[in-house]
Amino acid sequence: MTATPSVNSTVATGTSTGTGLARATAAEFAKVFSLTSWWLLGLIMVVYVGITAAALAFFFSDLGAQLTSAGSGAPAAQLDAVDAATLVYSSVTAVGLVIPLLFGALLATTEYRHHTLTPTVLAQPRRGIVLAGKGVVAALMGALYGVAGLIGSVGFGAPVLAALGEPTALGEPEVTAVLLRTVLATALWSLIGLGFGALLTSQIAAIVIVLAFTQFVEPILRVVASVWEWSAALGRFLPGSATDALVGAGILSSLGALDPSAPSAAVDALLWWQGGLVLAALVTVLLLAASLTTMRRDVE
Amino acid sequence: MTTSMTPRTIVPTLVTIDSLTKVYGEVTALRDVSFSAGPGRVTGFLGPNGAGKTSTLRILLGLNRATAGVALFDGRRYRDLESPSHRVGGSLSADVFHPGRSGRNHLRSVAIAAGIDRARVDAVLEQVGLVDAARRAVGGYSLGMRQRLGLASALLGDPDVLVLDEPINGLDPDGIRWMRTLVRSLAAEGRTVLLSSHVLREVQQTVDDVVVIRHGRIVFTGTLSTLEAGTARVRVDGADRAALADALTRAGATVEPGDTGLTVLGIDVARTGEVARDAGIALTHLSDESDGLESVFLALTADEGSTA
């Protein structure tokens with residue numbers, strides 16, 4: 001044996017947990033960007049949210065006129081211009097949350113579907129670091145999808161509002177707050193998807209459940225929950241309701257608020273940070289459960 | 001002055017599998033499996049499909065958890081190594097790639113996660129002959145190409161130890177010859193190579209040491225030549241049969257007298273001839289009646305009922 005220093009002695013210094021997480025995160029980004037699904041999801045986000053926002057902008061300008069002229073009963077609450085614009089911009093969270101949710105779920109379940117967890121865990125045997133790296137990627141990509149959604153909702157919604165002679169309310173502090181918290185909401189929903197996918201591991205099941213829950217189950221639950229006061233109090237903690245609270249706007253919340261006699265009107269809505277905490281708690285529970293169960297299993 | 005391209009010194013590493021037991025629900029896949037693989041040698045881990053080869057190797061690489069026992073690299077578990085991918089390279093299946101990702105991007109993401117110099121990606125692609133296909137999606141690769149990509153991931157960290165599960169599966173005859181040469185040269189550099197196969201014939205010219213597993217139990221460990229010697233069966237006859245039997249017995253063989261000569265077990269045909277010459281006995285017959293390595297292997301791995 002010669003006295004040549006081995007590579008091992010030089011690489012051994014750079015293997016602390018900190019650099020391990022940085023590497024795991026960078027590797028996850030490399031994996032995401034080497035496939036096409038990430039930008040397809042982003043494109044769908046812009047277009048889907050954009051069309052929804054444009055339709056809502058048109059509907060609300062029309063609705064505003066009808067609500068003031070219709071005199072068929074008690075005077076209905078009227079949406080003021082800022083609220084209407086806020087609702088238009090919040091189409092990101094009204095219809096677009098499914099995108100970051102799917103992204104997060106795919107980030108976890110693709111590894112199981114294509115057995116890529118084997119090379120992933122060989123490269124980083126500490127599975128907690130692998131999951132943490134995915135968490136960073138899920139949060140940042142979720143935020144990116146939030147920005148993509150805002151490009152859709154503001155980019156399509158504001159011109160329609162302006163064309164119909166409605167104020168766009170852009171630059172109003174409360175609207176700016178809604179836009180910023182929208183990005184926080186999509187980041188959290190991407191993390192919810194990651195935790196859910198890591199816990200479920202089956203890609204098909206994850207996609208089906210994510211679509212069914214966000215498109216059917218939760219909206220129905222929220223409508224049903226608003227029937228009684230006690231259920232309305234519980235319904236505030238449904239992820240969609242908590243998201244409306246976090247963002248500060250939501251179609252289902254607004255429809256409830258239009259009728260002051262509804263039982264849900266008697267229940268105080270969550271504050272924005274309370275809504276955020278509900279979602280953060282859900283993320284924590286899902287990721288913790290996954291790291292204690294599925295992430296400890298044998299890699300197949 | 002050293003550069004990243006300077007050949008590094010291999011750290012001789014001993015792989016120790018110590019009393020591994022693995023229970024899946026009701027099924028005991030491994031029972032008290034123990035063996036070792038040393039540096040500078042190619043160890044063939046052989047047994048029929050389902051015997052427990054993959055389970056053992058997955059436990060060794062920290063992917064699966066043993067019910068009991070340990071599998072160590074110089075006394076440390078894979079996950080406790082300071083830089084596992086620089087010490088140990090593993091390829092466990094040709095089915096661990098995303099079909100939509102290119103081979104090169106797969107290797108890049110592994111290199112990033114493991115802290116391996118990015119220049120190694122192109123180096124290993126060259127080494128396994130995948131340069132032309134590197135930028136194509138893995139979904140379009142043949143099984144042989146995916147085997148090469150798996151080997152490339154194992155070589156990425158320029159490791160001291162290579163753990164390869166059925167590396168020959170799906171390779172054409174040229175590919176098998178290429179793999180044999182590569183594996184031999186890796187061992188010649190001082191690396192420890194542990195590879196599994198369910199066909200002894202295909203790795204016979206590659207391995208130095210043999211470990212045979214059957215139904216989750218080790219049934220043979222030793223050098224290939226020990227296994228070969230165990231198969232030797234020679235028919236011999238001479239002018240003085242009694243003296244010949246006596247000389248062969250003294251040389252360590254087991255001699256069975258028969259009507260047409262002697263059956264000699266335990267030494268090969270060449271050694272039998274030497275013994276007769278040294279004893280000054282003229283032979284009237286000398287023939288190699290060995291069953292061959294493959295049939296010994298089959299006998300070792302056959303079910304109890306069909307064992308000869």
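**Exercise 1.** In which sense do strand 3 and strand 8 of chain B pair, and over how many bridges? Determine also the second pairing of strand 3 and the burial of its residues.

*Solution.* The model is predicted.

Step 1. Strand 3 of chain B pairs with strand 8 (residues 209–214) of chain B in the parallel sense, over four bridges. Within this pairing, B:Thr43 is located opposite B:Asp209.

Step 2. Strand 3 of chain B is also joined to strand 7 (residues 192–197) of chain B by five bridges, and these two strands run parallel. Here B:Val42 has B:Val193 as its bridge partner.

Step 3. Burial requires 20 or more other C-beta atoms within 10 Å of a residue's own. Five of the five residues of strand 3 (residues 42–46) of chain B are buried. B:Val42, B:Gly44 and B:Leu46 point one way from the strand, whereas B:Thr43 and B:Phe45 point the other way.

**Exercise 2.** Which strands form the edges of the chain B sheet with the order 11-12-10-13? Describe its pairing and the helix that lies across it.

*Solution.*

Step 1. The sheet is open, consists of four strands and shows antiparallel pairing. Its edges are strand 11 (254–258) and strand 13 (283–288) of chain B, each of which pairs on one side only. On average, neighbouring strands are turned by 20 degrees against each other, direction ignored.

Step 2. Five bridges connect strand 11 of chain B with strand 12 (residues 261–265) of chain B in the antiparallel sense. B:Glu256 has B:Thr263 of strand 12 as its bridge partner.

Step 3. Helix 10 (residues 269–278) of chain B lies across strand 10 (233–238), strand 12 and strand 13 of chain B. The helix runs at about 160 degrees to strand 13 of chain B.

Conventions. Residues numbered from 1 in each chain as written. Chains lettered and ligands numbered in written order. Predicted model: local features only at pLDDT ≥ 70, side-chain atom pairs only at ≥ 80, totals over all residues. Buried ≥ 20, exposed ≤ 12 C-beta atoms within 10 Å, placed from the backbone. Pairing = 2+ DSSP bridges. Axes fitted to C-alpha atoms, helices over the stretch in contact; angles between N-to-C directions. Contact = placed C-beta atoms within 7 Å.
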